[in-house]
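Reader: Could you take me on a close look at one part of this chain, the inside where the nonpolar side chains gather, and then show me how its surroundings are held together? I would enjoy one connected walk through it.

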Amino acid sequence: MADEQPQPGADQAPIAINILAQYTKDLSFENPRAPGSLQQGAGQPSIDLGINVGVNEQPQDNVYEVVLNLNAKGTTGEGKDVAFVVELAYGGLFQLQNVPQEHLNLFLIVEAPRLLFPYARRVFADAVRDGGFPPLMIDPIDFGQLYMQQQQRMQQQQGGNQDGGGEGGETPNIILPS
């Protein structure tokens, strides 16, 4: 009798995720006070870091561009003197097949950035190092927790609006506070 019961998901096509490309979309490094900011005694800069995830649907079927935006500003002298500013937009093209619609945003905002992050982190650290400073190694990021926080904020904002107003298909950006 156990053979007669259908297995969950047995009739569904398997989920397929392909990373079609990874690339540096934009990279900027500024050292406005060089060479003074690089001289002995300048001190370690204080770092203000920001992270943002953006998603763009592509014209091809089931292809999405996920862009991980990292930016940092290093300041010295009680935050008055800018030592450096670095900005990176690191992208990836993902082709998704048979991903249920209710899991699409979760993958694009959590899993895709998690896959891109180690590569973006290296490019980011190298840019800071090549600018004359010690490499800026960003700690790993829990994109799942950030997604949950973003969802809670959106629910709180929509709490006053009984109609909801959203279609549910919008992909929110995740922005880390500085």
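Author: Happy to. Read along the sequence, this predicted model follows the pattern β-β-β-β-α-α-β, with two helices and five strands in the chain. Of the contacts with a separation of 6 or more, 70% join residues 24 or more positions apart. Buried residues account for 32% of the 178 residues, and the chain exposes about 11200 Å², of which carbon and sulfur atoms supply 46%.

Now to the inside. In soluble globular proteins, nonpolar side chains tend to be buried together. Here the largest nonpolar core has 35 residues. Val66, Leu68, Leu70, Leu108, Phe124 and Phe143 are the ones with the most contacts inside this core. Strands E2 (46-57), E3 (63-76) and E4 (81-97) each supply at least two of its residues, as do helices H1 (101-130) and H2 (143-158). The largest share, 13 residues, comes from H1.

Leu68 is a good place to stand and look around. Leaving aside its neighbours within four places in sequence, Leu68 is in contact with Ile51, Asn52 and Val53, with Leu88, Ala89 and Tyr90, with Pro113, Leu116, Phe117 and Ala120, and with Phe143.

Two of those partners, Phe117 and Phe143, also meet each other, which brings us to the rings. A pair of aromatic rings is described by the distance of the centres and the angle of the planes. The chain has five aromatic pairs. One of them is stacked: Phe29 and Phe84 sit 5.9 Å apart, centre to centre, with 15 degrees between the planes. This pair links distant parts of the chain, since Phe29 belongs to strand E1 (residues 16-30) and Phe84 to strand E4, 55 residues apart. The two partners differ in cover: Phe29 is partly exposed at 27% relative accessibility, whereas Phe84 is buried, with a relative accessible area of 1%. The pair between Phe117 and Phe143 is edge-to-face, at 6.3 Å centre to centre and 70 degrees between the planes. Phe117 lies in helix H1 and Phe143 in helix H2, so this pair ties together parts that are 26 residues apart in sequence. Both of these rings are buried. Back with the stacked rings, Phe29 and Phe84 also belong to a cluster with Phe133, linked through ring pairs.

Helix H1 has a charged side to its story as well. Side chains of opposite charge can pair when their charged atoms come close. The chain has five salt bridges, and Asp126 takes part in one with Arg122, where the closest N and O atoms are 3.1 Å apart. Being four residues apart in helix H1, Asp126 and Arg122 are separated by about one helical turn. Asp126 also forms a salt bridge with Arg129, at 3.2 Å between the closest N and O atoms. Those two residues both lie in helix H1, three residues apart, again about one turn of the helix. Arg129 in turn meets Asp130 in a salt bridge of 2.9 Å, N to O. Arg122, Asp126, Arg129 and Asp130 are thus linked in a network of salt bridges.

How covered are these charged residues? Asp126 is partly exposed, with a relative accessible area of 22%. Arg122, at 49%, and Arg129, at 42%, count as partly exposed too. Asp130 has 58% relative accessibility, so Asp130 counts as exposed, the cut-off being over 50%. Helix H1, then, gives the core its largest share of residues and also holds Arg122 and Asp126 of the network.

Key. Residues are numbered from 1 along each chain as its sequence is written. This is a predicted model: local features need pLDDT of at least 70, side-chain atom pairs count only at pLDDT 80 or more; totals for chains, interfaces and linings use all residues. Side-chain values use heavy atoms; hydrogens and water are left out. A nonpolar core is a set of buried Ala, Val, Leu, Ile, Met, Phe, Trp, Tyr and Cys residues joined through side-chain atoms within 4.5 Å. Buried means under 20% relative accessible area, exposed over 50%, partly exposed in between (1.4 Å probe, protein chains only). Contact means heavy atoms within 4.5 Å. Accessible areas come from the Shrake-Rupley method with a 1.4 Å probe; for residues, only the protein chains shown count as cover. Rings of Phe, Tyr and Trp (its six-membered ring) pair if their centres lie within 6.5 Å; planes under 30 degrees apart count as stacked, over 60 as edge-to-face and the rest as tilted. A salt bridge is a side-chain nitrogen of Lys or Arg within 4 Å of a carboxyl oxygen of Asp or Glu.
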